[in-house]
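Hi,

Here is the structure I promised to pass along, with my notes underneath. Have a look at it first, then read on.

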Amino acid sequence: MKGRSPNREEKQWMDVICQYGCIVCRNEMGLVTPCEPHHIEGKTRAGAHLLTIPLCWRHHRSGLNTTECVSRHPYKAEFEKRYGKEMDLLEQMRELEWQKE
């Protein structure tokens, strides 16, 4: 299923969050790592691109489930158990951005 293209506000949000690096690497190790936006509720609904968190490739879609790293895809339950609920990580990103202003 192909997602819809982000509008200006959504693109800006995804650009901003990715400047922070992977939220899991940041929380777990204090690192800023290259990342990509993870869409919490898919890519097709209006506003879907605003429901994104920054995850590095390993934490997003590497398929890992080890003592060192759990990938969100395909291990959502284990990912949330270890790192927190996706909506809580989104809220953390929003707070980081609000603190910056």
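The largest nonpolar core in this predicted model has 21 residues. Ile 23, Val 24, Leu 55, Phe 79 and Met 93 are the ones with the most contacts inside it. Five elements, α1 (8-19), α2 (23-29), β2 (52-55), α4 and α5, each supply at least two residues of this core.

If you want a place to begin in your viewer, try Ile 23. Setting aside neighbours within four places in sequence, Ile 23 is in contact with Pro 54, Leu 55, Leu 89, Gln 92, Met 93 and Leu 96. Leu 55 and Met 93 also appear among the core residues with the most contacts.

Phe 79, another of those core residues, takes us to helix α4, which covers residues 76-83. Phe 79, Glu 80 and Tyr 83 are buried there. Looking down the axis of α4, the buried residues fall within an arc of 95°, so they line one face of the helix. Ala 77 and Lys 81, on the other side of α4, are exposed. Just after the helix comes Gly 84, with a positive phi of about 110°.

Next, a loop residue that touches α4. Val 70 is found in the loop between α3 and α4. Is Val 70 buried or exposed? Its relative accessibility is 0%, so Val 70 counts as buried. Again leaving out neighbours within four places in sequence, its contacts are Arg 58, His 59, Leu 64, Asn 65, Tyr 75, Glu 78, Phe 79, Arg 82 and Tyr 83. Phe 79 and Tyr 83 in that list are also among the buried residues of α4. As for Val 24, its C-alpha atom is separated by 10 Å from that of Val 70, with the two positions 46 residues apart along the chain.

Now for the charged side chains. How many salt bridges does a search of the whole structure find? The search finds seven, and here are three of them.

- Arg 4 and Glu 10: their side chains meet at 2.5 Å, N to O. Arg 4 has 27% relative accessibility and therefore counts as partly exposed, whereas Glu 10, at 1%, counts as buried.
- Arg 61 and Glu 36: the distance here is 2.6 Å, N to O. Arg 61 lies in helix α3 (residues 57-61) and Glu 36 in strand β1 (residues 36-39), so this pair ties together parts that are 25 residues apart in sequence. Arg 61 is partly exposed at 47% relative accessibility. With a relative accessible area of 18%, Glu 36 is buried, because the cut-off for that class is under 20%.
- Lys 76 and Glu 86: these side chains meet at 3.8 Å, N to O. The pair links distant parts of the chain, with Lys 76 in helix α4 and Glu 86 in helix α5 (residues 86-100), ten residues apart. Lys 76 is partly exposed at 36% relative accessibility, and Glu 86 is buried, with a relative accessible area of 2%.

That last pair has company: Arg 72, Lys 76 and Glu 86 are joined into one network by salt bridges that share partners.

Happy browsing, and write back with any questions.

Best wishes

Definitions and conventions: Residues numbered from 1 in each chain as written. Predicted model: local features only at pLDDT ≥ 70, side-chain atom pairs only at ≥ 80, totals over all residues. Heavy atoms only, no water. Buried < 20%, exposed > 50% of the residue type's maximum accessible area, 1.4 Å probe, protein only. Helix = DSSP H or I, 4+ residues; strand = E, 2+ residues; numbered from the N terminus. Arc of directions from axis to C-beta. Salt bridge = Lys/Arg side-chain N within 4 Å of Asp/Glu carboxyl O. Contact = heavy atoms within 4.5 Å. Core = buried A, V, L, I, M, F, W, Y, C linked by side-chain atoms within 4.5 Å.
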